[in-house]
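Biologist: Before we discuss the site, please show me the model, and then justify the terms you apply to it.

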Amino acid sequence: MPIDASLPYDDGNIFAKILRGELPCTKVYEDEHALAFHDINPLAPVHILVIPKGPYVSWDDFAARASDAEIAGFVRAVGHVARDAEMVVQGYRLLSNVGKRGGQEVPHLHVHIFGGQPLGPMLAR
Ligand code: 5GP
């Protein structure tokens with residue numbers, strides 16, 4: 001069920017629990033600002049989620065409230081994960097769903113990284 005991304009951050013969400021170590025994940029990368037792990041329900045041969053460590057609901061919330069260091073750290077982490085997964089030569093896709101129309105289900109900012117096969121058109125018509 002898509003969430004309302006205009007609501008304040010709810011620290012009971014699944015990714016907050018993963019960050020606190022209350023739920024497991026298959027980690028692929030972690031640094032001061034970001035955590036990356038495999039999606040539990042992969043939609044491509046490579047489907048990795050990258051999340052900032054701070055309490056941000058969505059991309060626009062992050063852009064408005066995060067520090068420059070957090071933003072730089074997160075953006076760098078996404079690029080690092082894509083390079084580390086050796087997806088640069090073949091190509092990959094980044095996606096961040098926001099709110100009801102965007103189909104966001106977990107109210108903690110996350111970037112999906114898809115790869116490992118041709119990914120088709122950007123959106124179905
Ligand atoms: P959204 O629709 O919010 O952009 O995507 C949420 C993603 O989180 C989905 O692709 C879903 O499969 C993934 N997901 C939901 N719960 C968990 C979980 O507990 N662990 C992991 N690794 N991924 C999850």
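Modeller: A polar contact of 2.8 Å links the side chains of His 112 and His 47. This is a predicted model, in which local features need pLDDT of at least 70 and side-chain atom pairs count only at pLDDT 80 or more, while totals for chains, interfaces and linings use all residues. Residues are numbered from 1 along each chain as its sequence is written, and side-chain values use heavy atoms, with hydrogens and water left out.

Biologist: What makes the 2.8 Å pair of His 112 and His 47 a polar contact?

Modeller: The term requires a pair of N or O atoms within 3.5 Å; within protein, one must be able to donate a hydrogen and the other to accept it, and residues adjacent in sequence count only if both atoms are side-chain atoms. At 2.8 Å, the pair formed by His 112 and His 47 is therefore listed as a polar contact.

Biologist: Why is His 112 classed as buried or exposed?

Modeller: Its relative accessibility is 10%, so His 112 counts as buried, given that buried means under 20% relative accessible area, exposed over 50%, and partly exposed in between (1.4 Å probe, protein chains only). His 112 lies in strand S5, residues 111–115, where strands (E, at least two residues) and helices (H or I, at least four) are DSSP runs numbered from the N terminus.

Biologist: Which polar atoms face the oxygen atoms of the ligand at Asp 39 and Asn 97?

Modeller: For Asp 39, a polar side-chain atom lies 2.5 Å from a ligand oxygen atom, and for Asn 97, a side-chain N or O atom is 2.9 Å from one.
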